[in-house]
Amino acid sequence: MTDAKPVLISGVKPTGDLHIGNYFGAMRQLVELSRGGKYRPFIFVADYHALNSMQDAQEMRRRTRELVTAYISVGLDPKEVVLFKQSDVPAHTELAWIFDTITTMPYLMRAHAFKDAEAKNKEISVGTFNYPMLMAADILLYDAAVVPVGADQKQHIEIARDTAEKFNRIFKTDIFKLPESFIMPEVAVVPGTDGAKMSKSYGNVIPLFAPRDELAKAVMSIVTDSSGERPENVYQIHRLVRSTQELEQVYAEHKGNYKMLKEMLIEDLNRYLAPMRAKYEELASDLGIVDEVLARGKREARAISEEKMEQVRRAIGVA
Ligand code: ADP
Ligand code: TRP
């Protein structure tokens with residue numbers, strides 16, 4: 001715990017079927033931040049968070065494995081990162097309970113996620129209502145300094161800060177460090193094949209680990225609008241894998257030749273993604289590697305979080 005490097009932590013829900021929007025919009029930044037030795041990184045599969053919406057044992061198991069495999073394939077180094085499953089570390093749910101007891105219902109009712117659900121007249125689970133408390137525990141257990149998240153998660157980090165302050169005040173301690181959010185820049189809202197935001201719920205995705213022929217099929221299905229200067233939906237994806245300077249030229253030279261531009265995009269995408277896909281296939285064929293990474297992450301995360309929990313138990317007077 002006395003490592004001088006600031007701790008970085010982020011949780012990722014195993015909600016699956018990864019596409020290039022996930023990669024360019026989130027995974028790539030998280031992997032970059034966790035490399036290079038600037039931080040002491042912890043990345044975990046937020047399976048207990050996902051349980052609010054994914055209640056199928058087989059799917060949970062499969063998607064958890066897929067997510068870990070995917071992150072390692074796109075460059076996360078399990079030797080540099082503590083990579084673990086939230087459910088493997090009981091301190092998360094234990095601390096969430098303790099936070100529940102010092103948090104009021106009206107406070108949590110101000111959370112965006114709850115207000116959105118209410119506005120839509122949705123009956124949410126108690127777990128969804130409490131989501132910010134579990135997330136506060138995820139963060140505060142490890143003395144996280146930076147928490148890289150998408151902009152939609154900013155409020156959750158503020159709730160974690162409030163909760164740390166409140167706990168420290170009530171129990172006259174300084175056990176919890178206040179985390180900062182690190183809003184990952186929206187480098188790209190990657191458009192899908194229909195031009196709308198790429199999302200697994202819209203059926204407009206280019207899959208991240210698909211073989212070349214599937215990649216080609218997805219690219220060929222990109223909707224093009226012949227009225228424009230250039231096929232914008234093709235271009236916006238193309239610029240993720242080739243410099244805009246080069247593209248300006250190519251798109252000007254081949255103006256109107258959508259077929260050729262798409263074929264070039266298939267080549268470029270395939271070249272970019274092939275090494276990740278190869279790594280993914282390699283890892284997927286050897287189940288032992290992911291198991292081993294998770295087992296090591298579990299040991300390390302448990303040791304650190306248990307130390308913190310001992311302080312917490314003493315501070316609240318149950319130990
Ligand atoms: P989906 O929309 O396919 O359900 P998720 O909501 O599971 O994707 O997103 C997981 C992460 O990937 C989030 O951090 C989100 O910001 C990022 N992401 C998803 N789709 C895109 C996209 N089209 N462009 C940029 N980032 C994206
Ligand atoms: N709530 C985050 C999301 O939906 C996932 C998450 C859970 C998380 N616990 C976390 C992110 C702790 C950062 C830190 O994307």
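I'll take two places in this structure, the surroundings of ligand 1 and then Ile316. One thing up front: this is a predicted model.

Ligand 1 first. How many residues surround ligand 1? The count is 13. The closest are His19, Val190, Met198, Ser199 and Lys200. By type, the shell around ligand 1 splits into 6 polar, 5 nonpolar and 2 charged residues.

Now the polar contacts. Take Val190, which is on that list of closest residues. Val190 uses its backbone here: an N or O atom of the main chain sits 2.8 Å from a nitrogen atom of ligand 1. Ser199, also among the closest, uses its side chain. A polar atom there is 2.9 Å from an oxygen atom of the ligand. Asn22 brings a polar side-chain atom too, at 3.0 Å from an oxygen atom of ligand 1.

How much of the ligand does the protein cover? On its own, ligand 1 has 540 Å² of accessible area, and the protein covers 72% of that.

Next, Ile316. Find helix 13, which runs over residues 287-316. Ile316 belongs to that helix. Is Ile316 buried, exposed or partly exposed? Its relative accessibility is 26%, so Ile316 counts as partly exposed. The cut-off that matters is 20%: buried means under that value.

What does Ile316 touch, leaving aside residues up to four places away in sequence? Three names: Ile98, Phe167 and Phe171. Look at Phe167 on screen. Along the chain, Phe167 and Ile316 are 149 residues apart. Their C-alpha atoms are separated by 9.4 Å.

Note on methods
Residues numbered from 1 in each chain as written. Chains lettered and ligands numbered in written order. Predicted model: local features only at pLDDT ≥ 70, side-chain atom pairs only at ≥ 80, totals over all residues. Heavy atoms only, no water. Helix = DSSP H or I, 4+ residues; strand = E, 2+ residues; numbered from the N terminus. Buried < 20%, exposed > 50% of the residue type's maximum accessible area, 1.4 Å probe, protein only. Contact = heavy atoms within 4.5 Å. Near = heavy atom within 4 Å. Polar contact = N/O pair within 3.5 Å; in protein donor to acceptor, adjacent residues only side chain to side chain. Areas by Shrake-Rupley, 256 points an atom, 1.4 Å probe, with all protein chains shown as cover. Nonpolar A, V, L, I, M, F, W, Y, C, P; charged D, E, K, R; others polar.
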